[in-house]
Amino acid sequence: AVQEYIRRYAEKYNVFSNVDIKYQCSVKTAVRDTECNNCWMLHIAESDEIIEADILIMAIGNNSSSPIIPRIPNENNYRGQIFHSSEIGNGDILKSARNIAIVGGSKSAFDIGQMQPHKTTLIMRTPHYWTPRWLLLLPFFDRIAYGLFRG
């Protein structure tokens, strides 16, 4: 979906005439080269070619080739299913779930939580607040709120 959006955007604004976009490739190394005005020298794993680029955008997000799932003590006693956020897709996989626990507080955790909010619990080390601190005009708001609302 993201690649399709980028492709449509690039076609609409004629970006392809100035840009070479590489999809579904692994970069072995990315090194700044001062001899070419700080360009990037990218070593592509699949083709073993070296590409020179002015700009490097690393947009792996949920498409990372090796998702990390933390080990939880006694997780082998858990009878439910364990998924990485990269496996959720459009959320259909969650519809049959009775309860959903999401470990982590990243953007993807909140996005996934909104797919089935009535049966989702978020678990994270420290609380996240959606209100900008400057708007509240309170220094150390996170410490105050944590003290008031911790479970």
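Student: Where in the chain is the place of Arg 98?

Tutor: This is a predicted model. In it, Arg 98 sits in the loop between β3 and β4.

Student: Is Arg 98 buried or exposed?

Tutor: Relative accessibility decides that, and exposed means over 50%. Arg 98 counts as exposed because its value is 73%. One distance helps to place the residue. Gly 80 is 18 residues apart from Arg 98 along the chain, and their C-alpha atoms are separated by 9.6 Å.

Student: Let me step back to the whole chain. How many helices and strands does the chain have?

Tutor: Count 4 helices and 5 strands. In sequence order the pattern reads α-β-β-β-β-α-β-α-α. The chain has 151 residues, and 17% of them count as buried. Now take contacts between residues at least 6 apart in sequence: 11% of these join residues at least 24 apart.

Student: How do I read a strand pair? How many bridges join β2 to β3?

Tutor: Look at the bridges and the direction. For β2 and β3 there are 4 bridges, and the strands run antiparallel. One partnership to find on screen is Leu 42 with Ile 51 of β3. The hairpin of these strands has 5 residues between them, and Asp 48 in this hairpin takes a positive phi near 60°.

Student: Which residues form the covered face of β3, and which the uncovered one?

Tutor: Ile 51 and Ala 53 form the covered face of strand β3, residues 50–53. Ile 50 and Glu 52 form the uncovered face.

Student: Which residues other than glycine have a positive phi in the loop between β1 and β2?

Tutor: Check Asn 37 and Asn 38. Asn 37 has a positive phi near 60°, and it lies in the loop between β1 (27–33) and β2 (39–44). Asn 38 also has a positive phi, about 60°, and its place is in the loop between β1 and β2. Then check accessibility. Asn 37 is exposed, because its relative accessible area is 72%. Asn 38 has 39%, so it counts as partly exposed.

Student: Now the interior. Which residues make up the largest nonpolar core?

Tutor: A core is read as buried nonpolar residues joined through their side chains. Here the largest has 6 residues: Ile 88, Leu 94, Ile 100, Ile 102, Ala 109 and Ile 112. Two elements, β4 (100–103) and α2 (107–113), give two or more residues each to this core. A separate second core has 5 residues, including Trp 40, Leu 42, Ile 44 and Ala 53.

Student: What does Ile 100 touch, leaving out residues up to four places away in sequence?

Tutor: Ile 100 touches Leu 94, Gln 116, Lys 119, Thr 120 and Thr 121.

Student: And pockets? How much space lies in the second largest pocket?

Tutor: Start with the general idea. Rolling a probe the size of a water molecule over the atoms shows where empty space is left. In this model, the second largest pocket holds about 1,100 Å³. β4 and α2 are the elements that give two or more residues to its lining. The largest share, 4 residues, comes from β4.

Student: Which lining residues lie nearest the centre of that pocket?

Tutor: Gln 81, Ile 82, Phe 83, Ala 101 and Ile 102 lie nearest the centre, out of 31 lining residues.

Student: How do the lining residues divide into nonpolar, polar and charged?

Tutor: The lining of the second largest pocket has 18 nonpolar, 10 polar and 3 charged residues.

Notes
Residues are numbered from 1 along each chain as its sequence is written. This is a predicted model: local features need pLDDT of at least 70, side-chain atom pairs count only at pLDDT 80 or more; totals for chains, interfaces and linings use all residues. Side-chain values use heavy atoms; hydrogens and water are left out. A nonpolar core is a set of buried Ala, Val, Leu, Ile, Met, Phe, Trp, Tyr and Cys residues joined through side-chain atoms within 4.5 Å. Buried means under 20% relative accessible area, exposed over 50%, partly exposed in between (1.4 Å probe, protein chains only). Contact means heavy atoms within 4.5 Å. On a 1 Å grid over the protein atoms alone, a cavity is a set of points where a 1.4 Å probe fits but cannot get out, and a pocket is an open set with protein on both sides within 12 Å along at least five of seven lines; lining residues have an atom within 4 Å of a point. Grid points are joined across faces, edges and corners, and a volume is the space filled by probe spheres set on the points. Ala, Val, Leu, Ile, Met, Phe, Trp, Tyr, Cys and Pro count as nonpolar, Asp, Glu, Lys and Arg as charged, and the others, Gly among them, as polar. Two strands pair if DSSP finds at least two bridges between them.
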